Amino acid sequence: MVGQRSLLPRVARGPGGSVAASCHDEPVTGCTIADLFDLADQLPEVTRVDNGRYWRLAVSAQTFGYLWEPTRTVGLKQTIPEQLALVAERPETFEVQFTSRGFGWVVVRLEGVERDELAELTFEAWRLTAPAELIARRADRLPR
């Protein structure tokens with residue numbers, strides 16, 4: 001990975017030092033930054049670059065996602081209908097980021113999604129961006 005730095009799962013501590021669960025510990029607890037990177041890394045030819053304020057996720061030099069570590073949010077490329085449906089269904093988890101070239105980018109709050117849902121969103125963002133030969137080689141196999 002280009003610009004990759006070691007990411008160990010971060011432990012969030014609540015009042016009194018209690019440890020918050022990651023998406024591997026309990027159902028409906030949300031995902032971590034490490035989950036996002038793990039899912040993206042399973043897709044062909046993904047690169048990630050640390051730009052200081054955010055991470056850029058790309059395939060064949062084309063961006064399909066942005067991660068902001070301080071807010072634990074990721075912007076992912078989606079179709080405009082999917083962007084609008086996600087935001088309408090769960091505005092506490094999704095928000096409109098912007099539209100560009102016929103695509104609707106959606107901000108995803110990692111704590112609001114389960115790993116399987118994040119896998120689908122990440123895969124779709126990658127698929128909307130990757131060259132046809134990579135898409136054909138990967139087929140419809142979601143990252144796990």
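**Exercise 1. Pairing around strand S4**

Which residue in S6 is the bridge partner of Gln78? Determine also how S4 is paired and how well it is covered.

*Solution.* The model is predicted.

Step 1. The bridge partner of Gln78 is Gly104, in S6.

Step 2. This bridge belongs to the pairing of S4 with S6, which is antiparallel and comprises 7 bridges.

Step 3. S4 also runs antiparallel to S3, with 4 bridges joining the two. Within that pairing, Gly65 has Leu76 of S4 as its bridge partner.

Step 4. The hairpin of S3 and S4 has 4 residues between the strands, and Arg72 takes a positive phi near 50° there.

Step 5. For coverage, a residue counts as buried under 20% relative accessible area. In strand S4 (residues 73–79), 6 of the 7 residues are buried.

**Exercise 2. The hairpins of strand S2**

Identify the strands that pair with S2, and describe the turn of each hairpin.

*Solution.*

Step 1. Strand S1 (residues 46–50) pairs with S2 in the antiparallel sense through 5 bridges. In S2, Arg56 is the bridge partner of Val49.

Step 2. Between S1 and S2 the hairpin has 4 residues, and Gly52 takes a positive phi near 90°.

Step 3. S2 pairs with S3 as well, again antiparallel, over 5 bridges. Here Ala58 has Thr63 in S3 as its bridge partner.

Step 4. The hairpin of S2 and S3 has 2 residues between the strands, and Ser60 in the turn shows a positive phi of about 50°.

Step 5. Strand S2 (residues 55–59) is mostly covered, with 4 of its 5 residues buried.

**Exercise 3. The second largest pocket**

State the volume of the second largest pocket, and trace its lining to residues and strands.

*Solution.*

Step 1. The pocket holds about 200 Å³ of space.

Step 2. Its lining consists of Gln62, Thr63, Tyr66, Lys77, Phe98, Ser100, Arg101, Phe103, Trp105 and Thr129.

Step 3. The elements that give two or more residues to this lining are strands S3 (62–68), S5 (94–100) and S6 (103–109). S3 provides the largest share, 3 residues.

Step 4. Sorted by class, the lining has 4 nonpolar, 4 polar and 2 charged residues.

**Exercise 4. Confidence in the model**

Decide which segment calls for caution.

*Solution.*

Step 1. The protein has a mean pLDDT of 85, and 81% of its residues reach 70 or more.

Step 2. Over residues 1–28, pLDDT stays under 50. The model has 42 contacts beyond four places in sequence for this segment.

Step 3. Predicted coordinates should not be read in detail where pLDDT is low.

How values were computed. Residues numbered from 1 in each chain as written. Predicted model: local features only at pLDDT ≥ 70, side-chain atom pairs only at ≥ 80, totals over all residues. Heavy atoms only, no water. 1 Å grid on protein atoms, 1.4 Å probe; cavity = no way out; pocket = protein on both sides within 12 Å on 5 of 7 lines; lining within 4 Å. Points joined across faces, edges and corners; volume = space filled by probe spheres on them. Nonpolar A, V, L, I, M, F, W, Y, C, P; charged D, E, K, R; others polar. pLDDT = per-residue confidence, 0-100. Contact = heavy atoms within 4.5 Å. Buried < 20%, exposed > 50% of the residue type's maximum accessible area, 1.4 Å probe, protein only. Pairing = 2+ DSSP bridges.
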